[in-house]
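Hi,

Here is the structure I said I would pass on. Have a look at it first, then read my notes below.

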Amino acid sequence: MKKMFARLMRELLENISLRANWVRVCRTLSFNTKVQWHASFVGENIIIGDSTLVEDFAHIQTGVLPSEHVYIGNGCWIRRGAQIYSWKGFVEIGNNCSLNANSVIYGTGGVKIGNGVRIAANTVIVASMHRFERTDIPIARQGYSAKGIVIEDDVWIGAGVCILDGVKIGSGSILAAGAVVNHDVPPNAIVGGVPAKEIRKR
């Protein structure tokens, strides 16, 4: 009985903390920006622009470092279940972008996304990489590298794409559904496959 009561109290306190963060973030929003009730926020330095919608069960989180932040521009659409984590870095999203359902962004090395970028469902953008060179030490204890990711303006990212650390995606490019992007993509290129290769120019 005591364990059940302790668990219920812990869950209640967590919910109160989430609601307090929700209220704190929403107090800074413009009148035209909408955040649905079941969206959640953790941490400081979360800024959301004008006329942006954050749907239910989207989650945005920063950590304790002063440099960590998440900036979302004007006219964006953060869909149900999308997740954005600064993870010791930052995530900056420009204007008129969409981040669709169940997509995840990890900003350890920094993620910069330009204007007019379309990111389809189940996309994963990871600005870090586990080190794995040594076999005498578990991968989890070898640390990580974090170079960052840049996605320029007017990019269309198809469903289920994975963008790995250190990549720059040129403006006007298209990443086909399911592509694993581990190298730079030039402007106006269409790429696909595992690993992604250029199919043709637009």
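A quick definition to start: helices (H or I, at least four residues) and strands (E, at least two) are DSSP runs, numbered from the N terminus. By that count the chain has one helix and 24 strands. Its radius of gyration (taken over C-alpha atoms) is 18 Å, close to the 17 Å that the globule rule (2.2 Å times the number of residues to the power 0.38) gives for 202 residues, so the chain is as compact as a globular protein of that length.

Before you go further: this is a predicted model, where local features need pLDDT of at least 70 and side-chain atom pairs count only at pLDDT 80 or more, while totals for chains, interfaces and linings use all residues. Residues are numbered from 1 along each chain as its sequence is written, and side-chain values use heavy atoms, with hydrogens and water left out.

Now zoom in on strand E9. Its side chains alternate: Val91 and Ile93 point to one face and are buried (under 20% relative accessible area with a 1.4 Å probe, protein chains only; exposed is over 50%, partly exposed in between). Phe90 and Glu92 point to the other face and are not buried. That fits a general pattern: in a regular strand the side chains alternate between the two faces of the sheet.

E9 also has partners on the list of paired strands (two strands pair if DSSP finds at least two bridges between them). Strand E6 (residues 69-72) runs parallel to E9, joined by four bridges, and here valine 70 stands opposite valine 91. Three bridges join E9 to strand E12 (residues 111-113), also parallel, and in E12 valine 111 is the bridge partner of valine 91.

What about aromatic rings? A search of the whole structure finds four aromatic pairs. (Rings of Phe, Tyr and Trp, its six-membered ring, pair if their centres lie within 6.5 Å; planes under 30 degrees apart count as stacked, over 60 as edge-to-face and the rest as tilted.) Tyrosine 85 and tryptophan 87 make a tilted pair, 5.7 Å centre to centre with 45° between the planes. Tyrosine 85 counts as buried because its relative accessibility is 13%, whereas tryptophan 87 is partly exposed at 44%. Tryptophan 87 also stacks with tyrosine 106, at 4.3 Å centre to centre and 10° between the planes. Tyr85, Trp87 and Tyr106 form one aromatic cluster.

Cheers
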